[in-house]
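Here is a friendly walk through a protein structure, one stop at a time. Take a look at the sequence and the model, and then we can go through them together.

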Amino acid sequence: ARHALPEEGTFFGLGVGMATIGGGISAGPISGAVFNPAVGTGLLLVHDHVEKIWIYWVGPVLGAVIASGIWRVTTEWDMAMLDMPFNQTRFEIEPMWRIAVPHVMEFFGTFMVCFVIATTRWGAGAGVPLAPLAIGSMKVAAVYSASQSSMAHFNPAVTAAALFCGLFTREARDMIGWWFGIITAVLYVVAQLIASFAAAGVAAFVLGAPNGYPLANGNYSFHSHLIAEAVFSFLTAYVVLITSDTQGARLHFHESKNRWYQYSLASGFALMAGTVAVGDVSGAALNPAAGTGLPLVAGVARDVPIYWMGPMLGALLAAAAFSIAQVKSRKSVDLPFYRHVGINYDI
């Protein structure tokens with residue numbers, strides 16, 4: 001939960017709290033979900049269980065080292081964004097390896113969300129009772145952490161919606177070429193899919209059993225599954241597009257100080273609502289990455305086509321609705337998908 005602008009760090013408690021809620025529900029039955037060597041040491045000493053203290057030191061310290069590395073890279077990238085002249089792109093001021101930062105953050109966010117799904121969900125409507133809260137909370141924390149670096153899609157359907165918006169706008173193609181949007185979308189989706197498989201593998205190792213995964217309820221028809229996935233994928237994608245843009249997701253992102261917290265909350269709670277509403281119908285993957293990597297690693301491929309068709313249909317509808325809304329409401333659009341290369345154009 002970090003931001004390049006100090007005044008925007010005042011909401012860091014939101015990110016930390018949501019991460020703790022999501023992680024506590026997900027890892028609580030496995031490790032106790034302490035996440036803090038001081039707490040783990042004190043409690044175990046009081047209750048005379050000193051043999052397990054090392055777990056609550058090694059795990060958090062390892063996580064802290066990884067988090068510090070990600071923070072270092074992405075914070076430097078964000079500070080460069082602040083100092084970048086309006087007419088420059090990332091390619092003009094950054095080494096090529098730094099261009100990979102948004103894709104790394106897509107991997108990170110997708111991994112965290114999919115890991116929580118894999119440790120709390122076991123089929124249609126089954127799993128940990130508070131699974132929707134865990135999934136939504138982790139999405140809030142991940143979006144809060146990554147939104148300034150990658151716009152925090154974490155979902156091939158959201159990436160597709162952003163790409164559709166770019167392709168619908170002639171000026172975007174004229175300025176940077178349609179090829180750029182296609183290549184960036186492919187790289188985002190590749191990072192998201194790799195993250196889903198990695199999360200499933202790690203979850204299966206941690207659980208010592210097959211990982212959890214979304215599963216459509218056989219008591220409902222294929223059309224019911226498809227519509228359920230499409231409706232809430234539309235909501236998820238549209239919320240990401242409309243809140244990240246209308247709250248000021250522009251090149252000079254200091255123009256709006258609180259939008260990231262509104263964006264993260266809206267995105268996370270949209271996912272939570274969909275999980276609660278249609279979890280017992282379609283399994284509520286609402287994400288082709290989660291609907292591909294998690295079930296395939298668990299050896300279940302039956303519903304993978306549904307988890308691509310439904311979300312992509314919802315993404316197309318979200319992109320159309322967003323484009324219509326923005327044409328009506330403002331003259332200048334800086335689409336989230338193109339933000340990290342410094343593109344702004346008029347419609």
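Find Ser233, which sits in helix H10, the run of residues 222-246. Keep in mind as you look that this is a predicted model. Is Ser233 buried or exposed? Its relative accessibility is 2%, so Ser233 counts as buried, the cut-off being under 20%. What does Ser233 touch, apart from its neighbours within four places in sequence? The residues in contact with Ser233 are Leu286, Gly310, Pro311 and Gly314.

Just before H10 comes a loop that links it to helix H9 (178-207), and Ala216 is found in this loop. Ala216 is not part of a helix, yet it counts as buried because its relative accessibility is 3%. Its C-alpha lies 9.5 Å from that of Tyr307, although 91 residues separate Ala216 and Tyr307 in sequence.

With these two places in mind, step back to the whole protein chain. It has 347 residues, and buried residues make up 53% of them. How many helices and strands are there? The chain contains 13 helices and 2 strands. Among contacts with a separation of 6 or more, 78% are between residues 24 or more positions apart. On the outside, the chain exposes about 14,500 Å², and 72% of that area is supplied by carbon and sulfur atoms.

Part of this surface is worth a visit. Trp54, Ile55, Trp57, Val58, Val61 and Val65 make a nonpolar surface patch of about 600 Å². One of these residues, Val65, has its place in helix H3, which covers residues 55-83. Val65 has a relative accessible area of 54% and is therefore exposed, since the cut-off for that word is over 50%.

Now go back towards the start of the chain, to helix H1, residues 12-31. A straight helix of 20 residues would span 28 Å, but H1 spans only 25 Å between its end C-alpha atoms. Where does H1 bend? There is a bend of about 40° at Ile25, and the proline Pro29 follows within four residues. Ile25 is also one of the buried residues of H1, which include Gly15, Met18, Gly22 and Gly23 as well. After H1 comes Gly32, with a positive phi near 95°.

A little further on is another positive phi. Most residues other than glycine have a negative phi. Phe35 is not a glycine, but its phi is positive, about 60°. This residue lies in the loop between H1 and helix H2 (37-46). With a relative accessible area of 44%, Phe35 is partly exposed.

Phe154 gives a second example, for its phi is near 60°, again a positive value in a residue other than glycine. Phe154 lies in the loop between helix H6 (131-150) and helix H7 (156-168). Is Phe154 buried or exposed? At 2% relative accessibility, Phe154 counts as buried.

The last stop is a pair of charged side chains. Arg302 and Asp303 meet in a salt bridge, with 2.9 Å from N to O. How many salt bridges does the count come to? The count comes to 1 salt bridge. Asp303 has a relative accessible area of 6%, so this partner is buried.

How values were computed. Residues numbered from 1 in each chain as written. Predicted model: local features only at pLDDT ≥ 70, side-chain atom pairs only at ≥ 80, totals over all residues. Heavy atoms only, no water. Salt bridge = Lys/Arg side-chain N within 4 Å of Asp/Glu carboxyl O. Buried < 20%, exposed > 50% of the residue type's maximum accessible area, 1.4 Å probe, protein only. Contact = heavy atoms within 4.5 Å. Areas by Shrake-Rupley, 256 points an atom, 1.4 Å probe, with all protein chains shown as cover. Patch = residues over 30% accessible without salt bridge, like charges linked within 9 Å, V, L, I, M, F, W, Y side chains within 5 Å. Expected span 1.5 Å × (residues − 1). Bend = angle between axes of the 7 residues up to and from the residue.
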